[in-house]
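Biologist: Could you take me on a close look at a single part of this model? I would enjoy one connected walk through a strand and its surroundings.

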Amino acid sequence: MKKFTKIFLIGLVVISLISSNVSLVRADSGWDGSYDSGGSTGGGSWTGGGHKNNWTNSNRRPTYGSQKLSTFHLVTIMTFFTVSLIIFMIVYWVKNANYKSYRSPLPSTTTTDVPLNDVDRIKRILPDFDEKKFIGQAFETYKKIQEAWMDFDYETLRKWTTDELYNLYHSQLVALNLKKQKNIMKDFRFISAEIVDQEYNDKKISVSINMRIECHDYVVDKEEKVVRGTDKDWMIYSYKMTFTKGLDQKDNKCPNCNAPLENVQSSVCPYCDSTIINDKHDWILSKKQMLEQSTSKF
């Protein structure tokens with residue numbers, strides 16, 4: 001913009017000088033002196049028909065015809081320059097506006113910000129979080145839940161699952177018990193696991209992992225006869241499991257009636273019978289989704 005301002009001021013100065021020259025020409029030849037009918041300027045001297053002035057070539061005045069021609073040229077030059085300056089201003093403003101509109105800032109090449117992975121985000125909430133330890137605990141919790149499922153151990157299921165998941169497992173086990181059947185799950189082997197997601201709020205944090213395990217998994221009747229699956233093959237399962245941990249460190253109280261609770265895990269309030277999840281529990285299973293399954297003979 002400063003460059004344009006300089007050009008504009010220079011243009012104004014040029015116009016002012018040209019205007020001054022036009023005024024001087026008109027002043028020098030503005031009088032209507034008596035000169036011959038032809039207006040001749042031949043020979044470089046005036047032939048003014050009776051005038052006895054001794055004008056030299058250095059101070060002679062131009063004829064009327066010469067003055068008229070000079071004014072026309074100067075006005076034309078001034079008009080051309082003014083129009084050109086206006087066009088230049090319009091083009092400059094349009095280009096400058098487009099540049100500002102479409103220019104996008106370049107990314108900094110000196111930034112040191114690195115996107116955080118899920119483990120780093122978890123450590124912002126739980127500074128002592130250890131990924132390997134968490135995965136080991138998740139596998140052990142998974143085994144406890146599956147063994148409790150096999151043994152119809154409702155109390156252990158309630159301890160290591162959220163109320164929503166416990167209610168689902170409870171209804172499924174009731175149906176299985178009515179059929180006099182039992183789901184055998186044993187010989188668990190850990191294959192691999194990785195953290196794939198996390199989320200949190202002011203009350204709890206949830207961490208999701210993809211875990212791959214193998215085990216024996218089949219159903220028997222009351223005579224221990226296999227009625228579903230096989231006890232000969234190993235089953236390989238890939239799960240996505242979400243574990244949840246409370247962040248509220250307040251005293252154990254029922255959120256419904258505010259009564260003190262002795263059970264530090266999810267439980268039913270002994271005073272108002274409300275099903276609750278205690279905020280001081282350890283990592284408990286809140287979701288389990290089967291991603292893939294296959295069999296292996298060995």
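Modeller: Happy to; here is a tour of one strand, its charged residue, its turn and its share of the core. Please keep in mind that this is a predicted model. The part I have picked is strand 2, covering residues 204-220, and Asp-217 lies in it.

Let us start with that aspartate. Asp-217 is buried and has no salt bridge. The nearest side chain of opposite charge belongs to Lys-288, 8.2 Å away; a salt bridge would need a nitrogen within 4 Å of a carboxyl oxygen. What the side chain of Asp-217 does have is polar contacts: one of 2.6 Å with the side chain of Tyr-237, and one of 2.9 Å with that of Asn-183. Leaving aside residues up to four places away in sequence, Asp-217 also touches Ile-184, Met-185, Thr-230 and Met-235, among others.

Next comes the turn. Strand 2 forms a hairpin with strand 3, with five residues between them, and Glu-224 in that turn has a positive phi of about 65 degrees. The two strands run antiparallel and are joined by three bridges. Val-220 stands opposite Val-226 of strand 3.

Finally, the core. The largest nonpolar core has 36 residues, and Ile-209 and Ile-213 are among those with the most contacts inside it, as are Phe-134, Ile-195 and Phe-243. Strand 2 supplies at least two residues of this core, as do strand 1, strand 4 and strand 7, among other elements. Helix 4 gives the most, with eight residues. Ile-209 itself touches Phe-134, Ala-138, Ile-195, Met-241 and Phe-243, among others, again not counting residues up to four places away in sequence.

Key:
Residues are numbered from 1 along each chain as its sequence is written. This is a predicted model: local features need pLDDT of at least 70, side-chain atom pairs count only at pLDDT 80 or more; totals for chains, interfaces and linings use all residues. Side-chain values use heavy atoms; hydrogens and water are left out. Helices (H or I, at least four residues) and strands (E, at least two) are DSSP runs, numbered from the N terminus. Buried means under 20% relative accessible area, exposed over 50%, partly exposed in between (1.4 Å probe, protein chains only). Lys and Arg count as positive and Asp and Glu as negative; His and the chain ends are not counted. A polar contact is a pair of N or O atoms within 3.5 Å; within protein, one must be able to donate a hydrogen and the other to accept it, and residues adjacent in sequence count only if both atoms are side-chain atoms. Contact means heavy atoms within 4.5 Å. Two strands pair if DSSP finds at least two bridges between them. A nonpolar core is a set of buried Ala, Val, Leu, Ile, Met, Phe, Trp, Tyr and Cys residues joined through side-chain atoms within 4.5 Å.
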